[in-house]
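Reader: I would like a close look at one part of this model, the charged side chains and how they pair. Please give the cut-offs as you go.

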Amino acid sequence: MKALVLALLFLFIAVIEAKQYSRCEFARLLKRSLMDGYHGYSLGNWICMAYHESGFKTHAVNINDNGSRDYGIFQINSRYWCNNNQGRTKNGCRKPCSDFLNDDITDDIACAKKIVHDKQKMNAWRGWQKHCQGRDLSKWTQGCNL
């Protein structure tokens with residue numbers, strides 16, 4: 001019970017600090033974070049994926065059919081990549097899931113870099129598979145003065 005209360009408190013605090021990025025603001029941040037070309041994926045891939053996963057919202061949380069949850073701007077999964085104290089996790093990024101719900105996405109980016117090194121690569125994100133994979137992604141950086 002104590003863990004649930006603490007988790008809810010962290011989620012509440014995280015939502016207070018939440019942010020929704022604009023496309024170009026997010027693109028510039030990712031560019032500064034050396035995500036353009038990271039592990040072979042252009043900036044457009046990362047921007048397209050984040051848009052279709054979270055709408056660029058740092059406070060996004062979604063529940064999956066298997067009971068796991070996805071957190072933050074990159075929708076980092078609780079079964080594999082973070083710990084939400086609600087079941088088994090591999091916690092590959094060694095972080096509580098609540099850390100991915102604030103407007104500082106430095107740790108989100110670090111975790112996304114770990115995820116893309118996994119065997120699924122960008123296929124770990126269904127939004128990327130469905131909306132970005134194999135498409136012309138130039139529109140995602142267009143007009144952003146990168």
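Author: What follows describes the salt bridges, then a buried aspartate, then a pocket.

This is a predicted model, in which local features need pLDDT of at least 70, side-chain atom pairs count only at pLDDT 80 or more, and totals for chains, interfaces and linings use all residues. Residues are numbered from 1 along each chain as its sequence is written, and side-chain values use heavy atoms, with hydrogens and water left out.

Side chains of opposite charge can pair when their charged atoms come close. The structure holds four salt bridges (a side-chain nitrogen of Lys or Arg within 4 Å of a carboxyl oxygen of Asp or Glu). Lysine 95 takes part in one with aspartate 99, where the closest N and O atoms are 3.6 Å apart. Lysine 95 is partly exposed at 26% relative accessibility, and aspartate 99 is partly exposed at 23% (buried means under 20% relative accessible area, exposed over 50%, partly exposed in between, with a 1.4 Å probe and protein chains only). Lysine 95 also meets aspartate 107 in a salt bridge, at 3.8 Å from N to O. Aspartate 107 lies in helix H4 and lysine 95 in the loop between E3 and H4, so this pair ties together parts twelve residues apart in sequence (helices, H or I of at least four residues, and strands, E of at least two, are DSSP runs numbered from the N terminus). Aspartate 107 is buried, with a relative accessible area of 17%. Through shared partners, Lys95, Asp99 and Asp107 are joined into one network.

Another of the salt bridges links lysine 31 and aspartate 36, at 3.5 Å from N to O. Lysine 31 is partly exposed at 36%, and aspartate 36 is partly exposed at 40%.

Aspartate 108 is found in helix H4, residues 106-117. Aspartate 108 is buried but has no salt bridge, and lysine 95, the nearest side chain of opposite charge, is 8.0 Å away (Lys and Arg count as positive, Asp and Glu as negative; His and the chain ends are not counted). Apart from neighbours within four places in sequence, aspartate 108 is in contact with Gly72, Ile73, Phe74, Ile76, Asp99 and Phe100 (heavy atoms within 4.5 Å).

Charged residues also occur in the lining of the largest pocket, which divides into seven nonpolar, eight polar and six charged (Ala, Val, Leu, Ile, Met, Phe, Trp, Tyr, Cys and Pro are nonpolar, Asp, Glu, Lys and Arg charged, and the others, Gly among them, polar). Strand E3 (76-77) and helix H5 (126-131) each supply at least two residues of that lining (a pocket is an open set of points on a 1 Å grid over the protein atoms alone, where a 1.4 Å probe fits, with protein on both sides within 12 Å along at least five of seven lines; lining residues have an atom within 4 Å of a point).
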